[in-house]
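Let's look at this structure together and ask, at each step, how a label is earned.

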Amino acid sequence: SILTPDEAPDKKWHLFANNFFGVYHYVSSDGISFSEGKRVVKRAMRPDINFIDGEYYLYFERTRAPILNALNPLGVKWKSEIYMCKSRDLIIWTEPHRVIGHTRDYEECKSGIAISNPFLVKKDGKFRMYYSCGLTFIKDCGFCEPTHISFAESTFPDKGFVSREAPIISPDKNSRYLNLCSGCIKVYKLKDCYIGLQNGLFEENGKSHSAIMLLKSSDGESFTFEKPLIVPDKNYEWMAQFVYACCLTYYEGRLRLYFNARNISNNLTGRESIGIYEA
């Protein structure tokens with residue numbers, strides 16, 4: 001998740017991303033070469049940074065203690081929900097607190113409860129939080145990815161979110177790019193419509209893959225598939241099998257699409273990277 005220089009107190013690029021140890025904050029003068037990251041919050045992943053009324057709101061998926069997650073193979077179920085913390089300077093942050101907890105049956109599966117990939121949009125005076133939920137086991141990866149996509153709405157950015165009664169996107173066995181699970185979505189308001197950038201997961205030739213798809217909607221709720229936007233590319237080893245979640249920015253007349261990619265599915269030897277497309 002990216003803040004462009006016009007949104008930042010120091011007029012630099014700020015990137016928020018996670019590794020195994022939590023969400024980290026990276027800084028850059030050009031949006032390409034970033035500093036060594038500093039951890040903002042532990043037990044956190046899949047961040048979304050927003051500038052709202054003079055404060056920075058960092059939303060993220062928060063998991064239980066690592067020791068409990070490590071016991072998943074022994075039958076201890078996964079649990080994650082969406083939390084947030086705030087800052088006025090991107091340096092000092094408040095303690096995390098929960099903003100979206102488990103309230104709907106579709107957020108739960110036999111593996112546990114997963115509410116993840118928050119992405120905030122302001123719509124008609126309300127705050128709409130898109131999120132992923134559920135867990136689908138991806139056999140060749142050896143780990144789970146999100147099953148459904150839904151959203152919750154509130155009149156406040158830090159409390160009061162109420163989730164929809166049903167998901168807006170679910171897996172479709174007849175879809176080339178969505179036949180395993182739904183991944184996540186980032187939604188942007190244009191002059192005449194909404195667009196969604198969604199990374200569906202799909203099986204092809206006996207292996208799992210992920211691609212970023214362009215979706216379109218009149219209301220930000222019912223989306224139609226337009227075309228694949230970024231697909232795995234074996235010419236680039238680091239994005240040979242998966243192209244995952246993304247963040248679209250617009251600054252000084254140029255679009256940049258930051259995205260996560262993975263070279264191979266193996267959960268021990270696979271390597272994840274962040275790349276950019278520019279237009």
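**How the labels are earned**

Q: What makes Arg176 and Glu204 a salt bridge?
A: Their side chains meet with N and O 3.2 Å apart. A salt bridge needs a side-chain nitrogen of Lys or Arg within 4 Å of a carboxyl oxygen of Asp or Glu, so the pair of Arg176 and Glu204 at 3.2 Å qualifies. This is a predicted model, where local features need pLDDT of at least 70 and side-chain atom pairs count only at pLDDT 80 or more, while totals for chains, interfaces and linings use all residues. Residues are numbered from 1 along each chain as its sequence is written, and side-chain values use heavy atoms, with hydrogens and water left out.

Q: Which parts of the chain does the pair of Arg176 and Glu204 link?
A: Arg176 is in the loop between strand 15 (162–163) and strand 16, and Glu204 is in strand 17, 28 residues apart. Strands here are DSSP runs of E with at least two residues, numbered from the N terminus.

Q: Why is Arg176 called exposed, and Glu204 partly exposed?
A: Exposed means over 50% relative accessible area, buried means under 20%, and partly exposed lies in between (1.4 Å probe, protein chains only). Arg176 has 51% relative accessibility, so exposed is the word for Arg176. Glu204 has 28%, so Glu204 counts as partly exposed.

Q: How do you know that Glu145 and Arg46 form a salt bridge, and what does the pair tie together?
A: The closest N and O atoms of Glu145 and Arg46 are 3.6 Å apart, so they meet the limit for a salt bridge. Glu145 lies in strand 13 (residues 143–145) and Arg46 in strand 5, so the pair ties together parts that are 99 residues apart in sequence. Glu145 is buried, with a relative accessible area of 9%, whereas Arg46, at 22%, counts as partly exposed.

Q: How many salt bridges does the structure hold, and which residues share partners in one network?
A: The structure holds eleven salt bridges. Those that share partners join Arg46, Glu61 and Glu145 into one network.

Q: Why does Arg262 count as buried or exposed, and what is its salt-bridge partner?
A: Arg262 has a relative accessible area of 5%, so Arg262 is buried. Its partner is Glu272, with the closest N and O atoms 3.1 Å apart. Arg262 lies in strand 21 and Glu272 in strand 22 (residues 272–278), so the pair ties together parts that are ten residues apart in sequence. Glu272, at 41%, is partly exposed.

Q: Why is Cys193 in no bond with Cys246?
A: A disulfide is a pair of cysteine sulfur atoms within 2.5 Å. The sulfur of Cys193 is 16 Å from the closest cysteine sulfur, in Cys246, so the two are too far apart for a bond. Cys246 is in no disulfide, and the nearest cysteine sulfur to that of Cys246, in Cys184, is 6.8 Å away. The structure holds zero disulfides.

Q: What makes strand 5 and strand 6 a pair?
A: Two strands pair if DSSP finds at least two bridges between them. Seven bridges join strand 5 (residues 44–52) to strand 6 (residues 55–63), which run antiparallel. One bridge places Asn50 opposite Tyr57 in strand 6. The two strands form a hairpin with two residues between them, and Asp53 in the turn has a positive phi of about 50°.

Q: How do you know that strand 3 pairs with strand 2 and with strand 4?
A: Seven bridges join strand 2 to strand 3, and three join strand 3 (residues 22–28) to strand 4. Leu15 has Tyr26 as its bridge partner in strand 3, while Val23 has Val41 in strand 4.

Q: Why is strand 3 described as largely enclosed?
A: Five of the seven residues of strand 3 are buried, so strand 3 is largely enclosed by the rest of the structure.

Q: What makes a group of residues a nonpolar core, and which have the most contacts inside the largest?
A: A nonpolar core is a set of buried Ala, Val, Leu, Ile, Met, Phe, Trp, Tyr and Cys residues joined through side-chain atoms within 4.5 Å. The largest has 36 residues, and Tyr130, Ile185 and Phe259 have the most contacts inside it. Strand 18 gives the most to this core, with five residues.

How values were computed. Helix = DSSP H or I, 4+ residues; strand = E, 2+ residues; numbered from the N terminus.
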